[in-house]
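Subject: Structure for you to look at

Hello,

Here is the structure I said I would pass on. Please open it next to this message; my notes come after it.

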Amino acid sequence: MSSLLRCNRLGSKGRFFPSKQFSTLTKISQQVAQEKESKLTEVSQREAKAKAEKEALLKGKKFVNFNGSQQDFLNKVIRVDQAGELGANYIYQGQMFALVAKYPHLRPVLKHMWEQEVYHHNTFNALQVRHRVRPSLLTPIWKVGAMGIGFVTGAISKEAAMACTVAVETVIGGHYNEQLRTLMNDYGNIDLKDMAAGGAIIENQGGLVSDELERLKATIKEFRDQELEHLDTAIEHDAESAVPYKVITEVIKAICRVSIWTAEKL
Ligand SMILES: [Fe+2]
Ligand SMILES: [Fe+2]
């Protein structure tokens with residue numbers, strides 16, 4: 001028997017499987033792999049079919065007539081999320097200033113999260129330009145405030161900086177979830193304009209959602225998941241050992257909630 005085959009037939013604890021048992025195990029793992037592959041193919045076929053059906057339904061039509069509150073909500077989403085991601089950038093900048101010289105091992109951790117915030121911010125900047133949504137009037141305040149929060153928590157301790165991330169991401173994760181809920185529930189009834197019928201307005205009874213809205217939802221979902229990863233990273237880096245953890249996190253959560261409320265309006 002070749003050494004390779006001998007090796008394959010060794011169990012995780014170095015036990016030697018009898019050849020019958022070994023071939024049964026091989027068959028089972030092949031079956032599992034085949035089932036997994038066919039399930040994946042099934043899912044992608046289903047997705048492709050749904051996409052083709054939607055394209056056929058929308059052929060020659062375009063989405064029109066958001067009502068006033070739907071349009072207001074979309075503008076608010078873009079304005080507040082752009083301001084929030086700008087704030088997140090400045091928080092990490094402040095933390096980098098305060099922490100990296102003293103704790104060089106935290107540089108890659110903070111850098112990774114900061115880079116994701118830059119990506120989030122750039123995405124909302126582009127959406128803001130495309131949809132002509134004005135930025136928050138308080139942008140200079142968000143910059144100074146966020147940099148201050150990042151620097152002060154970093155100066156208190158590395159654990160306090162991580163507790164700050166826990167607080168911010170808890171609020172932001174919830175905020176993105178609320179936006180997703182509204183976008184999923186309230187945007188399936190936008191009318192369509194039938195270009196082939198001279199631009200006649202038709203009611204969207206199928207609950208179809210425009211590609212633009214689908215992309216916005218996908219963006220928010222992606223960012224929400226990354227914010228929750230930041231939260232996990234902060235917990236892994238001893239956020240809960242910050243003193244006083246409860247005070248730091250509750251104060252920062254309150255600041256975030258007030259900032260969100262204000263940035264939506266101003
Ligand atoms: Fe972000
Ligand atoms: Fe984040």
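Below are notes on the listed binding site, two helices and one loop residue.

Please keep in mind that this is a predicted model.

Binding site

The UniProt entry, which is unreviewed, lists E117, E169, E227 and H230 under "binding site". These residues are spread over 114 residues of sequence, yet they cluster in space, with a largest C-alpha distance of 11.6 Å.

I looked at two of the four in more detail. E169 is part of helix α6, which runs over residues 158–185. It counts as buried because 24 C-beta neighbours lie inside 10 Å, and 20 are enough for that label. Leaving out residues up to four places away in sequence, E169 touches E227, L228, H230 and L231. Two of these contacts, E227 and H230, are themselves on the UniProt list.

H230 is in helix α7, residues 211–236. H230 also has 24 C-beta neighbours inside 10 Å and therefore counts as buried. With residues up to four places away in sequence again left out, its contacts are M113, T165 and E169.

Helix α8

Helix α8 covers residues 245–265, which is 21 residues. At 1.5 Å a residue it should span 30 Å, and its end C-alpha atoms are 31 Å apart, so the two values agree. Which residues of α8 are buried? They are I248, T249, I252, C256, S259 and A263. These buried residues cover an arc of only 95° around the axis, so they sit on the same side of α8. The other side of α8 has the exposed residues K246, V247, E250, A254, V258, W261 and K265. As background, an α-helix has 3.6 residues a turn, so residues three or four places apart point the same way.

Helix α5

The same span check was made for helix α5, residues 139–156. Its 18 residues should span 26 Å at 1.5 Å a residue, and the end C-alpha atoms are 26 Å apart, which agrees. The buried residues in α5 are W142, A146, I149, G150, F151, T153 and G154.

Loop before α7

G207 is in the loop between β3 (200–202) and α7. G207 is exposed, because just 9 other C-beta atoms lie within 10 Å and the cut-off for exposed is 12 or fewer. G207 and Y187 are 20 residues apart in sequence, and their C-alpha atoms are 7.9 Å apart in space.

Regards

Methods: Residues numbered from 1 in each chain as written. Chains lettered and ligands numbered in written order. Predicted model: local features only at pLDDT ≥ 70, side-chain atom pairs only at ≥ 80, totals over all residues. UniProt positions renumbered as here; feature names shortened; annotations may be inferred. Helix = DSSP H or I, 4+ residues; strand = E, 2+ residues; numbered from the N terminus. Contact = placed C-beta atoms within 7 Å. Expected span 1.5 Å × (residues − 1). Arc of directions from axis to C-beta.
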